[in-house]
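These are short notes for a colleague who has not looked at this structure before. They deal with the interior: the cores, the cavities and the cysteines.

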Amino acid sequence: MKKKVDYVAVEREYVFGTWRYEYAWNPLLVEEAEGSYFRDIDGNRYLDFSSQLMCSNLGHRSRRVIDALSEQAGRLCYAAPSFATKPAAMLGEKLAEITPGDLHKSFFSLGGAEANEAAIKMARFYTGRTKLISRYRSYHGATSGAIALTGDPRTQYAVGMSGVVRAPDCYCYRCPFGLEYPDCGVNCAEYVDEIIEMEGEHSVAGVVVEPIVGSNGILVPPDEYMPRLREICDDRGVLLIVDEVMTGFGRTGRWFCVEHWDVVPDIMSMAKGLTGAFIPLGATIARKKIADFFEQEGNLFCHGHTYSMHPLCCAVAIAAIQEYIDNDLIENARRMGDVLGRRLTDLKEDHASVGDVRGKGLFWGVELVRDRETKEPFVTRREKFLPNTLKRVSAAAMERGVYVVNTINTLIVAPPLIVDEEQIDEGVQVLDEALKVADAECA
Ligand SMILES: Cc1ncc(COP(=O)(O)O)c(C=O)c1O
């Protein structure tokens, strides 16, 4: 009889993981996926209630994307970025069409971190200034510049680029100023103006934000926040750089999250849903004025990777975008998002551990607390990498066939944009059970 290979053991032995203690890793072996579900090696089926890492927006196994991949692979897998290719040209044109305002010219890389590295360089070359303002509760990627912008616990393990100044978070449930909306006057936005004043506007290149903070807890800003940041940046001659890596491509019920507030950033980074995560790709798109700046003699955009403008990845992104359009997935995210938001909010009634439920479209956070009065969290930033209550809730959901990501103190519920009402019910019913684990640990 053929010996069964223990692939988990083999991977543990030979492959480093991401953001984990190596010795504590005990994963499921994933074998295949289709639609909103994936299966492990033993054939057990799981509802993907977080789109893997909030990236499999199209669900799994899209025929159009697979065909585009194999068609392009059969024609041209790779060309040096010094050549032009049809997929890069067509994708650049398409992104100018679907992104807001006069966002116009794109640089293509391989993921979110690289997209933000390109944004940093663009902003610094364009303004001739070095400082960047970002926030504590943020994640922008693992590479040197992107991790320096990042303010979440992961940044404490890295020394990245210098020149980053942090602004207060826009976190109404736990306002850093101890204020309450709307009496707060959206102080978290106003304070950015104070920071620019103190740092010296001549030295600040840009303000970098996720329009809804993702892996630091699905923090939805008040409606005034993004427009006010836009105003402050305009008044100060500072660029507004928006990281739509997680929020882009329909996740929040619009193509891009900034559209909820009619804000046009100067530079926007994206990845994840750009290809539906079928293949890696990042993009950094800049407004016309920035594109024009680099058209002038002597203004060099000194940047690049071997795999920039990779034809295979660009061809897949074009097919993915067509999938969003033909299947009306942005609209489905909006409609199903309303259903999901209602169902999750209802969980508050039966679960003492549910402190706050917030989100837009198919991008929801369920923040858990030991005590609703004191808002004492189950998990603090220091405990992110340790076994904790949120991880136990996710494990309980997994045992019942639903995969849901946990991040510090919040569950991230973000199913693929193809999700239907029945699947939402299936996922929420399991969460209803799994939350009992946290309820039992309430004060
Ligand atoms: C908002 C945001 N920006 C950037 C990144 C980094 O993307 P990548 O992991 O593709 O480098 C992430 C990843 O989760 C993200 O959520």
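1. A nonpolar core, as the term is used here, is a set of buried Ala, Val, Leu, Ile, Met, Phe, Trp, Tyr and Cys residues joined through side-chain atoms within 4.5 Å. Buried means under 20% relative accessible area. The structure is a predicted model.

2. By that definition, the largest nonpolar core holds 104 residues. Leu95, Val207, Met226, Phe249, Leu344 and Leu368 are the residues with the most contacts inside this core. Helix H10, residues 311–326, supplies the largest share of the core, ten residues. As background, nonpolar side chains in soluble globular proteins tend to be buried together.

3. Leu344 can serve as an example from the largest core. With its neighbours within four places in sequence left aside, Leu344 is in contact with Val357, Trp364, Val366, Val413, Val428 and Leu431. Apart from the largest core there is a second, separate one of 19 residues, and Met161, Ala205, Leu239 and Ala286 are among them.

4. How many cavities of 30 Å³ or more does a search of the whole structure find? The search finds two. The largest has about 90 Å³ of space. It is lined by 15 residues, of which Tyr171, Cys172, Cys175, Cys184 and Cys188 are the closest to its centre. This lining divides into twelve nonpolar residues, one polar and two charged.

5. The second largest cavity has a volume of about 30 Å³. Its lining consists of Asn116, Ala119, Ile120, Leu132, Leu149, Val208 and Ile241. Helix H5, residues 112–127, gives the largest share of that lining, three residues. By type, the lining has six nonpolar residues, one polar and no charged.

6. Which residue holds the cysteine sulfur closest to that of Cys188, and why is there no bond between them? The closest cysteine sulfur is in Cys170, at 4.0 Å, which is too far for a bond, because a disulfide needs the two sulfur atoms within 2.5 Å. Cys188 counts as buried, at 10% relative accessibility.

7. Cys257 is also buried, with a relative accessible area of 0%. For the sulfur of Cys257, too, the closest cysteine sulfur is in Cys170, but the distance is 11 Å, too far for a bond. By the 2.5 Å rule, the count of disulfides comes to zero.

Technical notes. Residues are numbered from 1 along each chain as its sequence is written. This is a predicted model: local features need pLDDT of at least 70, side-chain atom pairs count only at pLDDT 80 or more; totals for chains, interfaces and linings use all residues. Side-chain values use heavy atoms; hydrogens and water are left out. Buried means under 20% relative accessible area, exposed over 50%, partly exposed in between (1.4 Å probe, protein chains only). Helices (H or I, at least four residues) and strands (E, at least two) are DSSP runs, numbered from the N terminus. Contact means heavy atoms within 4.5 Å. On a 1 Å grid over the protein atoms alone, a cavity is a set of points where a 1.4 Å probe fits but cannot get out, and a pocket is an open set with protein on both sides within 12 Å along at least five of seven lines; lining residues have an atom within 4 Å of a point. Grid points are joined across faces, edges and corners, and a volume is the space filled by probe spheres set on the points. Ala, Val, Leu, Ile, Met, Phe, Trp, Tyr, Cys and Pro count as nonpolar, Asp, Glu, Lys and Arg as charged, and the others, Gly among them, as polar.
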